[in-house]
Amino acid sequence: MKNIFIFAEQRDGVVSSAYYEMLSETIKLYGDRAFVSAVVFGYGNIPVEALKESGADKVYVLESKKLAEYEPMSYTTALVKLISDEKPDVVFVAASVIGSEMAPGVACALRTGLAAHCTELALDDKGELIMIAPAFGGKLLGEYFIPNTLPVMASIKAGVFEKAELPSKNAEIITVDASFLDDAEGGVEFVNRTVVELTEQPVEKADVIVCAGLGIGNEDNLAKARKLASILKASMGYTRPMVDMGYIENENSMIGSSGKMVKPKLYLGFGVSGAAQHLCGMKDSGLIINVNTNEKAECFAASNYKVVSDSGIILDELIKALEK
Amino acid sequence: MKIAVCLKVAPNPDQYNLIKLDPETKTLIREGIDSVISSTDLHAIELALQLKAKFGGTISLISMGPPSNAKQLLEGLSYGCDEAFLLSDRKLGGADALATSYTLYKGIEKNGGYDLVLLGNASDDGSTAHVPSQLGQWLGLPHVTDVLAFEMDTPDCASVKKELDNGVNEYKVKLPAVIGVTKRLNKVRHPSVMGIFQAKNKPLTVLSAADLDGLDEKCIGLAGSPTQAAGYRDVAFGRDCVEIEGKDAEKAAQLAKILSSYIKA
Amino acid sequence: MWYMNEEREQLVKMIKDFAESEIRPFVKTMEETDAFPHEIIRKAGELGLIALWFPEQIGGMGKWLDYGLFLEEVSKISNCVGNCFASIPAGTSLLLSCGKPDLIGQYVIPTMMGQMVPASAQSEPVGGTRIQDFTCTAAIEGDELVINGGKIFCTNAGQADYYTVNCKTKPPYSAPFGSSCLVLVPANTPGLKIGHIENKVGWHGSSTGQLYFQDCRVPMSNLMMTMDMDESMTAAGAFGPAITTACCMLGGAEGVYEKTLAYCKERKHGDTPIFQKYQAMRHTFAELKMEIELLRSLIFGVLEDLDKGDYNISERALTAKVKGSRIFEHVASECIVLMGGNGTIVENDIERYYRDAKVTAIGGMSIYHLTDVVASQL
């Protein structure tokens with residue numbers, strides 16, 4: 001029996017979908033050989049009930065003013081303390097912004113290993129965890145294991161694993177005394193949060209994605225791509241260079257190994273070169289179509305259909321055809 | 001202000017498509033691929049230069065790797081940094097993020113500590129983004145990663161922003177601290193000609209494991225690496241790419257037909 | 001390469017990054033709108049790239065060879081931008097040699113920093129480069145020089161901050177004035193008018209045009225030097241512009257060659273890249289490569305000699321320009337053919353090199369004239 005912790009990120013009382021994905025995959029992988037505990041932090045409005053019913057065996061709740069908003073030092077300290085006390089065999093966190101920052105600090109404090117941004121999990125013949133994650137920006141997949149230290153830690157990419165319908169196990173709720181945080185002086189203080197309102201469906205939840213890469217060429221063509229997306233009721237996605245070059249203000253809709261992992265029914269790319277980093281994030285989509293002037297573009301290797309043409313012209317023609 | 005910038009030397013990401021897997025041994029073939037300063041680390045250098053211009057002080061570059069990394073450190077110096085340390089020893093080889101961050105910590109400690117330790121949030125090749133937080137933990141300093149905005153009015157406290165899934169959080173960080181930066185933080189300058197010609201006259205010190213005081217050999221190299229790579233495999237796409245041909249309008253018409261079944265009412 | 005070392009490798013890397021991020025995105029605009037690369041010159045100046053050529057006495061580096069590397073790398077992406085940088089030594093070398101501290105402080109140093117663009121105004125409709133036939137005159141009136149006349153084919157016309165103008169001194173003149181003089185005319189001087197800017201076959205973005213001087217008055221202190229000049233004197237000073245423009249030709253030839261070679265190794269007929277399929281193509285590439293390497297050896301030999309202080313390179317410098325122009329044109333011309341149909345398409349940006357190559361045969365100084373100079377010294 002493995003004692004497994006899953007860190008459940010929550011905001012405003014809503015548990016992140018990544019938690020359910022990790023939980024589903026854990027149960028799929030270990031079956032009844034795992035005792036699964038959800039770990040949740042917060043201050044007021046903590047979704048204890050949802051976690052109790054989620055299919056986990058146990059829920060650890062840490063409530064403290066210091067945990068009201070995410071802040072790296074307090075979150076790291078809290079998780080380190082809990083793991084040190086409870087000594088789980090395996091700890092999963094989401095490879096979100098929070099998880100990606102907190103998990104390495106925790107692993108360091110515990111002197112244990114951590115596999116980053118995993119997209120596949122497996123067990124070897126001894127029941128030990130093999131973690132598979134993109135390497136070289138997704139050009140290759142690396143297999144990692146943590147043989148000599150405990151807990152085994154992995155951060156898991158959201159959007160990769162399926163969320164299953166799990167029966168409630170009416171989990172035991174453990175409220176952990178978090179007063180040790182009150183006097184902890186980490187040196188990082190939360191000041192405020194600016195919420196970015198999403199104007200469309202989050203890209204990772206969309207059935208249809210229109211994706212723009214740098215090869216789209218200019219703002220005009222980008223506007224056309226957005227118009228197409230509205231006709232198709234699709235969400236817009238972008239490649240990393242579009243964000244780095246300042247075409248896009250934030251990373252919410254960035255697809256790739258360092259952004260969102262997406263699996264829409266239809267992916268339609270314009271001017272996407274097909275860097276390994278991007279392909280890693282969209283290769284499991286249903287139907288993949290790419291438009292690129294470069295007939296050798298790497299994106300075509302991961303496409304069902306290719307169109308070798310200028311994105312702007314095809315967008316014009318396509319919008320015309322669809323508006324008929 | 002005493003600033004350290006940790007640099008990683010990594011294969012040039014523009015050449016990842018040249019990386020191949022030996023079909024027999026499943027080992028990496030990196031032939032013909034250049035080594036470069038991992039691109040996000042350059043943004044850490046840029047921030048360091050801006051802070052040096054504002055508050056004065058020195059910038060030290062610290063890197064772990066083979067002796068050949070001296071070339072990239074020289075390049076780092078050409079941006080206007082003051083000195084470089086290369087932590088180079090066979091014993092350090094095979095390090096995961098934990099052993100790497102431990103070694104960098106020892107290198108930083110050797111030089112008497114810093115007001116600010118800056119580094120790219122993630123390297124181009126490994127992209128684990130583990131080293132910044134872990135370095136912060138080893139040093140026992142506040143650490144914030146994924147930083148996209150950094151402001152500092154007084155040399156004892158910085159205001160940083162990082163993007164979370166649905167917004168941007170702002171934090172105050174007390175110095176000394178460790179900051180992992182993103183590419184969005186700034187635009188990296190080009191080194192100047194003068195910087196290039198002066199670089200070779202700046203101190204570049206190679207430190208072996210023996211030079212690092214109080215180094216715990218159980219924490220370095222392969223032995224100090226709890227996370228082990230079992231091997232690599234190719235990514236399978238499994239798609240037969242069919243070209244849609246014809247004039248642009250004809251291509252669009254065919255596309256529209258394919259798309260029609262996906263359009264929601 | 002025999003002349004490379006670690007420092008120069010770093011320099012070349014920096015220049016490549018500079019050219020990719022600052023020049024490549026601007027090329028299309030230059031081609032389409034003839035926009036002058038002011039911003040690129042300013043940034044290169046800030047980085048100290050222009051100072052590579054300038055003498056150490058005024059804060060430069062005094063490195064011909066390193067400046068040559070700069071011109072070569074820039075020209076791989078745009079021969080035209082390369083030539084804009086090659087025009088800077090051409091526009092300032094006489095100003096430097098006049099040795100007047102005021103003019104050097106006010107004009108040369110800002111030029112070295114990329115804050116000013118120089119231009120050299122020499123050619124006239126009558127007489128080509130024969131100075132004794134020039135009609136542009138400078139008259140002495142009190143402590144002013146009054147210029148009247150016109151110039152054609154002035155590189156950087158309308159974009160420069162100042163012009164060094166070759167004038168006949170108007171009689172009666174007395175010592176220390178010779179029969180002709182070089183005068184510095186700031187761009188904003190009343191009486192200086194910019195005439196027609198030519199629409200050239202290549203070098204779009206460089207500005208070549210006419211200047212008119214109508215009672216254009218400058219202070220006597222702007223007099224750079226006076227000369228009793230015969231025809232051969234222009235040629236004697238021609239090695240500098242000849243070798244710098246040759247560097248641009250080398251870069252242009254390499255740029256178009258590398259681009260075409262990459263294409264032919266990718267482009268397939270059936271399952272085989274055309275480079276492998278057609279021996280004739282491989283031989284053409286080999287021939288072009290040999291021409292490029294010949295040119296490189298010649299150019300960098302000259303640059304190395306100049307850095308050693310050996311100025312006895314005139315013949316080889318002129319050879320580099322004359323042969324460089326021919327080689328650049330030949331390489332660019334063959335590359336269009338090697339690319340097949342794609343070579344003829346403007347968007348594919350191969351034919352630009354061919355058009356630029358055509359201009360290099362004339363810009364700065366005609367290769368016929370330079371060949372004549374070489375012949376005259378046999």
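In this predicted model, chains A and B meet over a contact that takes in 77 residues of chain A and 70 residues of chain B. On the chain A side, helix α4 (residues 97–109) supplies the largest share, nine residues. Sorted by class, the residues that chain A brings to chain B are 43 nonpolar, 20 polar and 14 charged.

Strand pairing also joins these two chains. Strand β13 (residues 188–195) of chain A runs antiparallel to strand β11 (residues 167–174) of chain B, and seven bridges link the pair. One of the matched positions is A:V188, whose bridge partner in β11(B) is B:V173. A second link between the chains is found in an open sheet of six strands with parallel pairing, ordered β15(A)-β14(A)-β16(A)-β17(A)-β18(A)-β15(B). The edges of this sheet are formed by β15 (235–238) of chain A and β15 (242–243) of chain B, each of which pairs on one side only. The strand of chain B is held in parallel register with β18 (residues 305–308) of chain A by two bridges, and A:Y305 has B:V242 as its bridge partner there.

Turning to chain B itself, its secondary structure amounts to six helices and 15 strands. Its C-alpha atoms occupy a box of roughly 65 × 50 × 40 Å along the principal axes. Of its 265 residues, 50% count as buried. Among contacts in chain B with a sequence separation of 6 or more, 72% are between residues 24 or more positions apart.

Strand β7 (residues 83–87) of chain B is a good place to look inside this chain. Four of its five residues are buried, so the strand is largely enclosed by the rest of the structure. It has parallel partners in both β6(B) and β13(B). With β6 (residues 58–64) of chain B, the pairing extends over five bridges, and B:S63 is matched to B:L86 of β7(B). The chain travels from β6(B) to β7(B) by way of helix α2 (residues 70–78) of chain B, making a right-handed β-α-β crossover. With β13 (residues 204–207) of chain B, β7(B) forms four bridges. Here B:L86 appears again, standing opposite B:V206 in β13(B). Readers following the side chains along these strands may find it helpful that, in a regular strand, side chains alternate between the two faces of the sheet.

The loop that lies between β13 and β14 (228–234) of chain B holds B:D213. This residue has 8 other C-beta atoms within 10 Å, and is therefore classed as exposed. Although B:D213 and B:K110 are 103 residues apart along the chain, their C-alpha atoms are separated by 6.7 Å.

The largest nonpolar core comprises 295 residues, and the members that touch the most others are A:I6, B:V5, B:L118, C:V183 and C:I299. Helix α7 (residues 239–266) of chain C gives the most to this core, contributing 13 residues. The surroundings of B:V5 can be listed in full: beyond its neighbours within four places in sequence, B:V5 is in contact with B:A44, B:I45, B:A48, B:I59, B:L61, B:C81, B:L118 and B:L119. B:L118, also named above among the residues that touch the most other core members, is thus found in this list of contacts of B:V5.

Chain C also touches chain B, in a contact that takes twelve residues from chain C and eleven residues from chain B. On the chain C side, these are eight nonpolar, two polar and two charged residues.

Within chain C, the domain assignment gives domain 1 (6–116), domain 2 (119–229) and domain 3 (233–376). The C-alpha centres of domain 1 and domain 2 of chain C are 24 Å apart, and 20 residues of domain 1 of chain C are in contact with 18 residues of domain 2 of chain C. On the domain 1 side of this contact, the elements that give two or more residues are α1 (6–33), α4 (79–98) and α5 (101–112) of chain C. The greatest contribution is that of α4(C), with nine residues. By class, this side of domain 1 of chain C consists of 13 nonpolar, three polar and four charged residues.

Technical notes: Residues are numbered from 1 along each chain as its sequence is written. Chains are lettered from A and ligands numbered from 1 in the order in which they are written. This is a predicted model: local features need pLDDT of at least 70, side-chain atom pairs count only at pLDDT 80 or more; totals for chains, interfaces and linings use all residues. Two residues are in contact if their C-beta atoms, placed from the backbone, lie within 7 Å. Ala, Val, Leu, Ile, Met, Phe, Trp, Tyr, Cys and Pro count as nonpolar, Asp, Glu, Lys and Arg as charged, and the others, Gly among them, as polar. A nonpolar core is a set of buried Ala, Val, Leu, Ile, Met, Phe, Trp, Tyr and Cys residues joined through C-beta atoms within 7 Å. A residue is buried if 20 or more other C-beta atoms lie within 10 Å of its own, exposed if 12 or fewer, and partly exposed in between; C-beta atoms are placed from the backbone. Two strands pair if DSSP finds at least two bridges between them. A crossover is right-handed if, with the strands pointing away from the viewer, the path from the first strand over the helix to the second runs clockwise. Domain bounds come from an automatic or database domain assignment.
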